[in-house]
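Visitor: I am new to this structure and would like a close look at a single part of it. Could you take one helix, go through it slowly, and then show me what lies around it?

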Amino acid sequence: MKKPLLTPRDLPRLLLGVTLGVVGAVAVVSPFSLIPRAWVEAPTSLPAPEHLPSTGPSHATWPPHEWTDDPKWHWVRYDDEGWSTGYVGTYRSLEDLLGPAPASDRQLSVPLFPTVYQPDNLDKLYYDWIAEGPIERGDKVLVIGTGSGADSWAVALKTQSKVYAVDINPLAVLNARVTARLGGFELEAVAGDFQAIELPKSFRDFDYVLWNMPFVEAGASDENFLSRNFHDGDDGTIATRFLERLPSLLKPEGVAVALNYALARNYLNTPGTTTHVAPDDEAAITDTTYMLFVVPNPGTAQ
Ligand SMILES: C[S@@+](CC[C@H](N)C(=O)[O-])C[C@H]1O[C@@H](n2cnc3c(N)ncnc32)[C@H](O)[C@@H]1O
């Protein structure tokens, strides 16, 4: 005898199937979807990786960031006045920007990814030292916290060699790699907290280690400021760790160069260290005067 399509025994399974079908359809099409939102939405916050200290203002957010402005382009340039930088435009005008830039081998349009520090004319002391200081062709240079990679570009103009970099912000590492492609220089960049990361084996025997670093700043306690910018608080923790790590990175006669507020003199003060300020600032140096620290290898300096 031919079996009927449905028997009373099939009824429960049929009901279950119809119910699941209806629930599934509602889940997919309903604006009040039953699918847990976490499955479809990008997370708004990510857990900090283990290598990052869980406390401290620098790590209050992830990814760690300096800037929250829209992505954009900045030009960086060396001319008779030394280094300077300025706004070019947003990504929307990308085609316009890539056409004429770089205008010369002393100028580059640098993209700025979200969260990445934008090159600032206040940092001129540091950039002019790179251009006018003793860095030579062939020198091996590590740039800590390279951000957009603007300073790695400046270094490459001098060394004409591969530049090494590390930044705590993974977006900055990507940003710097793109800058290196646009600027036509070789960059080996890794992401991680300079204070804790185990750097690749090739990251040693440097002639120079450079860092336009988080500034030591007394009373920097404003919530908004802390969540947007790296800084070294007023205890110089980052500056102190920087000094501690230099002997493992530098050649015996190697030199480190750091930009910070003058207040960092309390920490960046190993034997042989020299400090420089802009000529306009020489008469009156305050805690917040921009100061360049030139630090001989603390492991070998007398
Ligand atoms: C003042 S910005 C300088 C950026 C770039 N060098 C320039 O001159 O435009 C400081 C940079 O240091 C990075 N940074 C802060 N703390 C760090 C850490 N512990 N390890 C590695 N990089 C760090 C930041 O992500 C940022 O890119």
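Guide: The buried residues of helix α8 pack against three strands, namely β4 (141-144), β7 (206-212) and β8 (250-261), and this description, like everything that follows, rests on a predicted model. The residues of α8 that are buried are I238, A239, F242, L243, L246 and L249. The helix runs over residues 237-249, and because 13 residues at 1.5 Å a residue should span 18 Å, the 19 Å between its end C-alpha atoms agrees with that expectation.

One of those buried residues, F242, leads on to the nonpolar core, since A258 touches F242 along with W211, M213, L268, F293 and V295, leaving aside residues up to four places away in sequence. A258 is itself among the residues that touch the most other members of the largest nonpolar core, a set of 67 residues, and it shares that standing with V141, V163, V209 and V257. In soluble globular proteins, nonpolar side chains tend to be buried together.

From the core we can turn to the ligand, which has 23 residues around it, with G145, G147, I168, F194 and N212 coming nearest. Helix α5 (150-159) and strand β5 (163-167) each supply at least two residues of this shell, whose members divide into 10 nonpolar, eight polar and five charged.

Helix α5 deserves a pause of its own, because eight of its 10 residues are buried, so that the helix is largely enclosed by the rest of the structure. Those buried residues are A150, D151, S152, W153, A154, V155, A156 and K158, and after the helix comes Q160, whose phi is positive, near 55°.

S152 of α5 is also touched by A180, which in addition touches G149, F185, E186 and L187, again not counting residues up to four places away in sequence. A180 is found in helix α6 (residues 170-183), and it counts as buried because 22 other C-beta atoms lie within 10 Å, where 20 or more are needed. Although A180 and S148 are 32 residues apart along the chain, their C-alpha atoms are separated by 9.5 Å.

To return to strand β7, one of the partners of α8, the loop between β6 (187-191) and β7 holds D205, which has a positive phi of about 55° although it is not a glycine. Most residues other than glycine have a negative phi. D205 is exposed, with 12 other C-beta atoms within 10 Å.

How values were computed. Residues are numbered from 1 along each chain as its sequence is written. This is a predicted model: local features need pLDDT of at least 70, side-chain atom pairs count only at pLDDT 80 or more; totals for chains, interfaces and linings use all residues. A nonpolar core is a set of buried Ala, Val, Leu, Ile, Met, Phe, Trp, Tyr and Cys residues joined through C-beta atoms within 7 Å. Two residues are in contact if their C-beta atoms, placed from the backbone, lie within 7 Å. A residue is near a molecule or strand if its C-beta atom, placed from the backbone, lies within 6 Å of it. Helices (H or I, at least four residues) and strands (E, at least two) are DSSP runs, numbered from the N terminus. Ala, Val, Leu, Ile, Met, Phe, Trp, Tyr, Cys and Pro count as nonpolar, Asp, Glu, Lys and Arg as charged, and the others, Gly among them, as polar. The expected span of a helix is 1.5 Å times one less than its number of residues.
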